[in-house]
Amino acid sequence: MLIKKAKDIRSSEITPRSLYLNRRQFLAGTAIAGAAAVTGFGLREIVSPSTTAMAGNKIDSVTPYKDVTNYNNYYEFSTDKEGPATLARNFRTRPWKVKIDGLVDKKQELDIDTIMKMASPEERIYRHRCVEGWSIVVPWVGFSLSELIKRVDPTSKAKFVEFTTILDMSQMPGQQRNVLQWPYVEGLRLDEAMHPLALLCFGMYGEDLPNQDGAPLRIVVPWKYGFKSAKAIVRIRFTEKQPLNTWNIFAPQEYGFYSNVNPNVDHPRWSQARERRLGEFSKRSTLMFNGYADQVASLYTGMDLKKNF
């Protein structure tokens, strides 16, 4: 589940490339001595498809940094997957405030740097699957979303958590088009958001989160399709009713609220039974809950997963 817990690492040590100089590489889930002679380079410079690690109790190759940062679903910048890397280059992530409100006892507005210091960061290697049939495996940096939730004290009426992306047409050219309803909104059931696997993320590959991957703050929900992991978050709101998330508004027959990775429920226009990793040619079978069934299946006991897709 958690590949590497680094509670002894200070947040100030997450960004520098030197953090990875003496890190161990993970092979088949067993730590072996890392090749620490790569002086002056971070993990992002040395990760290759042959670098393997455990992700959700499965052996996986870590996707090269260059692929993860140059092939992105980020419609706020462009519907073209190669576009966000260029268009987000000058996106300003400081100053940055996140408003936390709704059904909580401690409503507040927090600076991004304050949020990053709330808990000791961890590195987690997660599998991440997109609804179009491609997937990645990424070493994310952050801490459990539950750490923030516990600090704001949701009321007994709070049943859902809603995440809203920044609305800034001057910086996000994709928002100048009516491709989707802006700002982008996503949501989770409160118990999903409290699950230890749900990550509040501000880095990857041991460095700051790149703009095109959701800087400065995003969530990562590894058992759901990628569009559920909201990027560039400016508001977290607790609600009693299920939020109206952007893709569900756009095409409710195609994108449900839950959007759990399920090879047995096809998208109306294509199968979800197979997927292709970025940087690889052949396809592989899609795993139920993206390979995290042992950890999260109990959240959906008694639910019809074809109806609640």
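Which residues have the most contacts inside the largest nonpolar core? In this predicted model, the residues in question are W140, F163, I219, W223, I236 and F238, and the core to which they belong has 70 residues. The greatest contribution to this core comes from strand β8 (residues 134-144), which supplies 7 residues. For I219, the contacts beyond four places in sequence are with L145, F163, L188, L199, L200, K228, S229, A230 and I233. Another core lies apart from the 70-residue one. This other core has 11 residues, including Y75, V131, L180 and V261.

Aromatic pairing was examined next. The count of aromatic pairs comes to 15. One of these is formed by Y75 and W247, with an edge-to-face arrangement in which the ring centres are 5.5 Å apart and the planes stand at 65°. The two residues belong to distant parts of the chain, 172 residues apart: Y75 is placed in the loop between α2 (65-68) and α3 (84-87), and W247 in helix α7 (residues 246-250). Both Y75 and W247 are buried. For W247 the relative accessible area is 11%, and the residue therefore falls under the 20% limit for burial.

W247 also pairs with F250. The centres of these two rings are 5.4 Å apart and the planes meet at 85°; because this angle is over 60 degrees, the pair is classed as edge-to-face. In contrast to the long-range link between Y75 and W247, W247 and F250 are both in helix α7, at a separation of 3 residues, or about one turn of the helix. Y75, W247 and F250 join F227 and Y255 in one aromatic cluster. Y75 thus has a place both in this cluster and in the core of 11 residues.

Lysine side chains were also found over aromatic rings. The charged end of K228 is positioned over the ring of F257, at 4.2 Å from the ring centre. K228 is also among the residues that I219 touches. A second case involves K231, whose charged end sits over the ring of Y74 at a distance of 5.0 Å from the centre.

The number of disulfides comes to 0. A disulfide is a covalent bond between the sulfur atoms of two cysteines. Among the cysteines, C130 has a relative accessibility of 9% and so counts as buried. C201 has a relative accessible area of 0% and is likewise buried.

Burial also extends to charged residues. R277 is located in strand β15 (residues 274-277). Its relative accessible area is 4%, so R277 is buried. Beyond four places in sequence, R277 is in contact with D60, R127, S135, I136, V137 and R284. D67, in helix α2, has a relative accessibility of 18%; this value is under 20%, so D67 counts as buried. With sequence neighbours up to four places away set aside, D67 contacts L278 and G279.

Backbone geometry was considered last. Most residues other than glycine have a negative phi, and most peptide bonds are trans. Two cis peptide bonds are described here. The bond joining R94 and P95 is cis, with omega about -5°, and P95 is in the loop between α3 and β5 (97-102). The peptide bond from A215 to P216 is also cis, with omega near 0°. P216 lies in the loop that runs between β12 (207-208) and β13 (218-220).

Positive phi values occur at F289 and N290. In F289, which is not a glycine, phi is about 50°. This residue is placed in the loop between β16 (283-285) and α8 (293-296), and its relative accessibility of 4% means that F289 counts as buried. N290 is found in the loop between β16 and α8 as well. Its phi is near 60°, again a positive value in a residue other than glycine. At 0% relative accessibility, N290 also counts as buried.

Notes: Residues are numbered from 1 along each chain as its sequence is written. This is a predicted model: local features need pLDDT of at least 70, side-chain atom pairs count only at pLDDT 80 or more; totals for chains, interfaces and linings use all residues. Side-chain values use heavy atoms; hydrogens and water are left out. Rings of Phe, Tyr and Trp (its six-membered ring) pair if their centres lie within 6.5 Å; planes under 30 degrees apart count as stacked, over 60 as edge-to-face and the rest as tilted. Helices (H or I, at least four residues) and strands (E, at least two) are DSSP runs, numbered from the N terminus. Buried means under 20% relative accessible area, exposed over 50%, partly exposed in between (1.4 Å probe, protein chains only). A charge sits over a ring if NZ of Lys or CZ of Arg is within 6 Å of the ring centre and within 35 degrees of the ring normal. A disulfide is a pair of cysteine sulfur atoms within 2.5 Å. A nonpolar core is a set of buried Ala, Val, Leu, Ile, Met, Phe, Trp, Tyr and Cys residues joined through side-chain atoms within 4.5 Å. Contact means heavy atoms within 4.5 Å.
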